[in-house]
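Reader: I should like to go through this structure with you, one topic at a time. Could we begin once it is on the screen?

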Amino acid sequence: MASDLEKAQLMSVLAKSKGNWGEKYDRTEHFKRFQNLKAIIKELSNKGWVLVHKKSGYEAISLNTRYKRDIIDFIEKQMPYLRGI
């Protein structure tokens, strides 16, 4: 089971540095630094916050724009130093 902080960290990287929302996605192999990556993705996709894009040869993820406010609130709650960025 992944921690809420790990989930927030992954989503902040997707949102902030890469701008991966909706149909703009990034390969999961670019997030190897997250030890519980599969668990994080599974939990967040079950919530509907992360979209998994299965392509031939690789898997990619992006944030669901439908839950943008919820995602931002969650990140700011877990990582208060990012509030307002």
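Author: What follows is a conversation about the strands, helices, core and salt bridges of this predicted model.

Reader: Before the details, what is the average pLDDT of the protein chain?

Author: The chain averages a pLDDT of 91, and 96% of the residues score at least 70. Confidence is highest in helix 2, at a mean of 96, and lowest in helix 1, at 90.

Reader: Turning to the sheet, in what order do the strands lie?

Author: The sheet is open and has 3 strands in the order 1-3-2, with antiparallel pairing. Strand 1 (26–27) and strand 2 stand at the edges with a single partner strand each, so one side of each has no neighbour in the sheet.

Reader: How many bridges link strand 2 and strand 3?

Author: Strand 2 (residues 50–55) and strand 3 (residues 58–63) pair over 6 bridges in the antiparallel sense. Within that pairing, His-53 has Ala-60 as its bridge partner, and Leu-51 has Ser-62.

Reader: And what lies between those two strands?

Author: The hairpin has 2 residues between the strands, and Gly-57 takes a positive phi near 95° in it. Another glycine with a positive phi is Gly-48, at about 90°, just after helix 2.

Reader: Since you mention helix 2, which of its residues are buried?

Author: In helix 2 (residues 37–47), the buried residues include Leu-37, Ile-40, Ile-41 and Leu-44. These residues lie on the same side of helix 2 because they cover an arc of only 95° around the axis. On the other side of the helix, Lys-38, Lys-42 and Asn-46 are exposed.

Reader: Where is Thr-28, and what is it in contact with?

Author: Thr-28 sits in the loop between strand 1 and helix 2. With a relative accessible area of 16%, Thr-28 is buried. Apart from neighbours within four places in sequence, Thr-28 is in contact with Leu-37 and Ile-41, and also with Glu-59, Ala-60 and Ile-61.

Reader: Now the interior. How many residues has the largest nonpolar core?

Author: That core has 22 residues, and Leu-10, Met-11 and Phe-31 have the most contacts inside it. Helix 1 (4–17), helix 2, strand 3 and helix 3 (68–78) are the elements that give two or more residues to this core. Helix 1 gives the most, with 5 residues.

Reader: Which residues does Met-11 contact, leaving aside its neighbours within four places in sequence?

Author: With those neighbours left aside, Met-11 is in contact with Leu-44, Trp-49, Leu-63, Ile-71, Phe-74 and Ile-75.

Reader: On to charges: how many salt bridges are there?

Author: The count comes to 5. One of them joins the side chains of Lys-54 and Glu-59, at 3.1 Å from N to O. Lys-54 is exposed at 66% relative accessibility, whereas Glu-59 is partly exposed at 30%. Glu-29 and Arg-27 also meet through their side chains in a salt bridge, at 3.6 Å from N to O. Both count as partly exposed, Glu-29 at 41% relative accessibility and Arg-27 at 32%.

Reader: What about Arg-69?

Author: Arg-69 forms a salt bridge with Asp-73, and their closest N and O atoms are 3.0 Å apart. The two are separated by about one helical turn because they are 4 residues apart in helix 3. Arg-69 counts as exposed, at 51% relative accessibility, and Asp-73 as partly exposed, at 38%. Elsewhere, Asp-4, Lys-7 and Glu-43 are joined into one network by salt bridges that share partners.

Methods. Residues numbered from 1 in each chain as written. Predicted model: local features only at pLDDT ≥ 70, side-chain atom pairs only at ≥ 80, totals over all residues. Heavy atoms only, no water. Pairing = 2+ DSSP bridges. Buried < 20%, exposed > 50% of the residue type's maximum accessible area, 1.4 Å probe, protein only. Arc of directions from axis to C-beta. Contact = heavy atoms within 4.5 Å. Core = buried A, V, L, I, M, F, W, Y, C linked by side-chain atoms within 4.5 Å. pLDDT = per-residue confidence, 0-100. Salt bridge = Lys/Arg side-chain N within 4 Å of Asp/Glu carboxyl O.
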